[in-house]
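User: Could you take a close look at one part of this model and then relate that part to what surrounds it? I would like a connected account that keeps to what can be read from the coordinates and from the record.

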Amino acid sequence: MDDEDTFKILIATDIHLGYMEKDAIRGNDTYNTLEEILKCAQTNQVDFILLGGDLFHENKPSRRCLHTGITMLRKYCMGDSPILFNILSDQAINFNTSKFPWVNYQDENLNISIPVFSIHGNHDDPTGAEGLCALDLLGSCGLVNHFGHSQSVEKIQISPILMQKGSTKLALYGLGSIPDERLYRMFVNNQVTMLRPKEDQDEWFNLFTIHQNRSKHGPTNYIPEQFLDDFIDLVVWGHEHECLIAPTRNEQQLFYVTQPGSSVATSLSPGEAAKKHIGLLRVKGRKMNLQKIPLQTVRQFFIQDLVLADYQDLFTPDTPQVTKKVEDFCYAKVIEMIEEAERERLGCDLTPEKPLIRLRVDYSGGFEPFNVSRFSQKFVDRVANPKDIIHFVRRREQKEDIKGLTQTKYTGLRVEDLVKQYFEAAEQKVQLSLLTEQGMGKAIQEFVDKDEKDAIEELVSYQLEKTQRHLQARGVTTEQDIDAEILRFRNSKKNTTEEDEEIREAINRAKAHRLERGDNLQGLDMSDELADVAMDSDEDPAPVAPPTRGRGRGRGRGSRGRGRGELS
């Protein structure tokens with residue numbers, strides 16, 4: 001029941017504001033859905049909104065994207081409605097990267113009716129020498145409370161925002177996106193600590209928001225649920241786009257996990273086809289209830305797999321005019337999906353008219369693909385993605401390559417994992433000399449995921465310069481000594497924070513060069529090349545003392561505890 005002791009929290013993740021904003025058909029999709037989410041929060045009179053990262057699709061959102069986001073947050077989250085919960089923790093720690101390190105509703109210059117708390121994701125993560133992101137801009141405007149930003153690459157202490165409403169005590173933990181391999185290594189080395197209130201620990205409901213890979217993409221390219229502390233009650237998991245919002249119990253750690261998924265389809269993959277939801281979380285004491293709320297403004301998405309070899313009663317590779325027959329068969333399948341979308345849309349005025357349709361056609365077994373461009377012209381006025389309705393795939397045959405590795409074993413791995421596997425199996429003469437496998441893998445991943453064309457070249461140049469300086473400082477002159485010293489220097493950095501810093505610096509250089517040239521990837525639709533690759537699903541200033549004013553609500557003055565895992 002909604003009473004003075006019950007927290008009402010609207011949870012959403014991966015809104016990806018600005019995705020495909022330059023597309024004539026889909027350009028307003030993310031803006032319409034954000035408005036629906038904020039309206040829902042206002043209608044349900046929630047205590048606050050909790051966002052699990054990737055509010056923005058681009059690290060540097062366009063002016064239109066920022067303007068629209070700021071406008072809607074101001075429209076729906078500012079007002080005179082009272083805030084019915086208090087912050088008890090030391091906010092200078094909770095919001096330690098902000099010039100205004102206190103919750104926005106306690107700012108004497110602002111009238112906030114619905115506070116928004118958000119961690120950053122991998123799309124809108126802090127970058128540059130200042131370590132700023134788009135959420136920090138919204139934070140300076142007083143519209144969003146950005147928390148969960150760790151400034152250290154060696155040790156992470158997650159200090160909760162302690163809230164109280166009536167008799168209910170809520171500890172809100174957050175950890176913004178960190179490269180999975182680094183965070184995995186930090187968990188293994190016990191370098192991640194979640195601080196807890198020093199007193200009455202069993203009275204707090206512990207809510208944790210994280211933005212990392214949940215499904216396994218490689219040996220260390222995800223965060224296993226068992227890495228998280230077992231005192232947590234509920235984990236809100238961002239980054240994964242498939243909507244699995246119903247809480248599932250982890251029987252090992254005995255907490256629940258909710259995965260709200262993305263609010264918009266950013267890749268034409270099966271995980272995006274599930275109905276999109278946000279959640280209305282109610283917490284009273286140590287008990288919770290999560291209500292699923294379907295989103296009405298999300299564009300429909302239907303996907304179907306078609307294996308031509310399964311329809312031998314209709315055609316075979318030897319059938320006369322088989323390509324034309326296959327094309328007609330695919331046409332009928334697409335029409336079926338469009339008609340299904342039209343039936344589902346009846347009575348839903350908020351749902352966009354044109355659906356997303358994807359037909360994945362497996363043409364292995366001797367069939368030939370037909371002309372996709374000509375096929376697409378038939379649906380220009382009926383679907384939102386006419387250019388990429390059909391996606392031809394061929395079942396990979398298991399054959400040995402020159403290194404003795406099979407093609408099929410690569411399925412589901414990321415590029416950086418493939419690079420690592422290649423060099424593990426490669427002969428000694430083709431091993432890397434200056435670069436580490438992780439560095440090369442990261443650079444190639446940036447090239448593939450974000451089209452950073454200079455990433456590989458910058459990493460090579462950066463490592464070459466650094467190695468030359470090292471050799472000069474060591475006074476190494478003979479060829480044999482140079483080779484040995486280069487190898488020692490390279491191995492000394494593997495799997496260290498120094499290696500992570502070098503990779504990040506090289507990638508930042510590549511981005512800076514792109515901006516200097518005036519290249520702008522914003523609005524570029526990569527779906528043609530990466531349509532069936534699920535999106536990853538695709539790092540600090542001194543705090544200022546807070547003022548004493550709090551709209552009639554006390555601000556906690558506690559300090560971080562000295563004991564491991566405690567705060568007072």
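Analyst:

**The seven-stranded sheet and its surroundings**

Ile87 has Met163, in E7, as its bridge partner. The model is predicted, and this residue pair is a convenient point of entry into the sheet to be examined here. The pairing to which strand E3 belongs is antiparallel, with two bridges joining E3 to strand E7 (residues 161-165). These strands are part of an open sheet of seven, whose order is E3-E7-E8-E11-E12-E14-E13 and whose pairing is mixed. At its edges stand strand E3 (86-87) and strand E13 (244-249), each of which pairs on one side only.

Where along this order does one find a strand largely enclosed by the rest of the structure? That description applies to strand E12 (residues 234-238), because five of its five residues are buried. The residues of E12 are divided between two directions: Leu234, Val236 and Gly238 point one way, whereas Val235 and Trp237 point the other way, and all are buried.

The partners of E12 can be followed on each side in the order of the sheet. Strand E11 (residues 204-211) runs parallel to E12, and five bridges join the two. Within E12, Gly238 is the bridge partner of His211. With strand E14 (residues 256-259), E12 again pairs in the parallel sense, here over three bridges, and in this pairing Leu234 stands opposite Tyr256 of E14. As general background, the strands of a sheet pair through backbone hydrogen bonds, in either a parallel or an antiparallel manner.

A further open sheet in the model has six strands, in the order E5-E4-E2-E1-E15-E16, and its pairing is likewise described as mixed. Strand E5 (145-146) and strand E16 (287-294) are at the edges of this sheet, and because each has a single partner strand, one side of each is left without a neighbour in the sheet. Elsewhere in this order, strand E1 (residues 7-12) pairs with strand E15 (residues 277-284) in the antiparallel sense, through five bridges, and Ile9 stands opposite Leu281 in E15.

Strand E4 of this six-stranded sheet also leads to a position annotated in the record. The loop that runs between strand E4 (116-118) and helix H4 (134-140) contains His123, and an unreviewed UniProt entry places the feature "active site" at this residue. His123 has a relative accessible area of 13% and is therefore buried, since the cut-off for that class is under 20%. A polar atom of the His123 side chain lies 2.8 Å from the backbone oxygen of His57.

Among the helices, H1 (residues 29-43) contains Asp29, which counts as buried because its relative accessibility is 8%. The side chain of Asp29 nevertheless has a polar partner, making a contact of 2.8 Å with the side chain of Arg299. H1 also packs against helix H2 (residues 63-77), at an angle of about 15 degrees and with the two axes 10 Å apart. Because angles under 35 degrees count as roughly parallel, H1 and H2 are roughly parallel to each other, and their crossing is right-handed.

Taken together, the part examined most closely is E12, a strand whose residues are all buried and which has parallel pairings with E11 and with E14.

Terms used:
Residues numbered from 1 in each chain as written. Predicted model: local features only at pLDDT ≥ 70, side-chain atom pairs only at ≥ 80, totals over all residues. Heavy atoms only, no water. UniProt positions renumbered as here; feature names shortened; annotations may be inferred. Helix = DSSP H or I, 4+ residues; strand = E, 2+ residues; numbered from the N terminus. Buried < 20%, exposed > 50% of the residue type's maximum accessible area, 1.4 Å probe, protein only. Polar contact = N/O pair within 3.5 Å; in protein donor to acceptor, adjacent residues only side chain to side chain. Pairing = 2+ DSSP bridges. Axes fitted to C-alpha atoms, helices over the stretch in contact; angles between N-to-C directions. Parallel < 35°, antiparallel > 145°, perpendicular 65-115°, else oblique. Left-handed = near helix turned anticlockwise from the far one by under 90°.
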